[in-house]
Amino acid sequence: MVNLRTSQRLNAAQRTLWSAPRHLPLHSKRMASSQPPTAAAAATASQEQTAGIIDGREIAEDIRKEIATEVQQLKDKAGRVPGLAVVLVGSRKDSETYVRSKKKACAEVGFESFGIDLLESCSQEELLQAVANFNADPKVSCLQKQLDAVLPHDDASSYSVG
């Protein structure tokens, strides 16, 4: 369980993360159209839809390919790629496995990945310094915290950094 001191350190780190958002222009083609379908299109679609089995792995692979293409276009156009930094606090095996999977996913689509592992007993200064270092790095476009425990009122796991 996370004690009050740890909770205060993490809340201070979150405030630092929220200080200046920076976003890279990556948008999925699947989500590009924010306009609702017309009534006629919706009626036609509902008449044509039938239940079926989907292949989640195939869909995930298609999405990864789409993202990899967009990352390459961004690299060609802007000369940079998105960068995910992860601050891992603690040493739970499931958290470590999750962070490794994020690094693997980054590599598959062309993102850069960065990380730092901190002990659960780390000081607030250590945690804030890790966040500040990632905030100062122009290669980092998103910072994710991975904690060993869930804190009250703490439902966000990923933040844009500035």
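1. Start with the nonpolar core. In this predicted model, the largest one has 13 residues. If you want to pick out its best-connected members, look at A85, V87, L118, L127, F134 and L143, which have the most contacts inside it. Four elements each supply at least two residues of this core: β1 (83-89), β2 (112-118), α5 (124-136) and β3 (142-147). The largest share, four residues, comes from α5.

2. There is another core, lying apart from that one. This one has five residues, among them L84, V86, L88 and V99. As background, nonpolar side chains in soluble globular proteins tend to be buried together.

3. Now the overall layout. The chain has five helices and four strands, and from the N terminus on they run α-α-α-β-α-β-α-β-β. Of the 162 residues, 31% count as buried. The exposed area of the chain is about 10,800 Å², with carbon and sulfur atoms supplying 55% of it. As for contacts between residues at least 6 apart in sequence, 79% of them join residues at least 24 apart.

4. Which residues of α5 are buried? They are L127, A130, V131, F134 and N135. These residues cover an arc of only 135 degrees around the axis, so they sit on the same side of α5. On the other side of α5 you'll find E125 and A136, both exposed. Two of the buried residues, L127 and F134, also turn up among those with the most contacts inside the largest core. As for its length, α5 has 13 residues and reaches 18 Å from its first C-alpha to its last, close to the 18 Å expected at 1.5 Å a residue.

5. Helix α4 (residues 93-109) gets a similar look. With 17 residues, α4 reaches 25 Å from first C-alpha to last, close to the 24 Å expected at 1.5 Å a residue. Its buried residues are S95, V99, C106 and V109. Seen down the axis of α4, they fall within an arc of 95 degrees, and therefore line one face of the helix. The general background is that an α-helix has 3.6 residues a turn, so residues three or four places apart point the same way. K93, R100, K104 and A107 are exposed on the other side of α4.

6. What do the buried residues of α4 pack against? Their partners are α3 (56-78), β1, β2 and β3. One of these buried residues, V99, belongs to the five-residue core. Just after α4, have a look at the backbone of G110, which takes a positive phi of about 95 degrees.

7. Last, the cysteines. The disulfide count comes to zero. For C106, the nearest cysteine sulfur is that of C142, 9.1 Å away, whereas a disulfide would need the two sulfur atoms within 2.5 Å. C142 is likewise in no disulfide, and its nearest cysteine sulfur is that of C106. Are these two residues buried or partly exposed? C106 counts as buried because its relative accessibility is 4%. C142 counts as partly exposed because its relative accessibility is 21%, and the cut-off for buried is under 20%.

Definitions and conventions: Residues numbered from 1 in each chain as written. Predicted model: local features only at pLDDT ≥ 70, side-chain atom pairs only at ≥ 80, totals over all residues. Heavy atoms only, no water. Core = buried A, V, L, I, M, F, W, Y, C linked by side-chain atoms within 4.5 Å. Buried < 20%, exposed > 50% of the residue type's maximum accessible area, 1.4 Å probe, protein only. Contact = heavy atoms within 4.5 Å. Areas by Shrake-Rupley, 256 points an atom, 1.4 Å probe, with all protein chains shown as cover. Expected span 1.5 Å × (residues − 1). Arc of directions from axis to C-beta.
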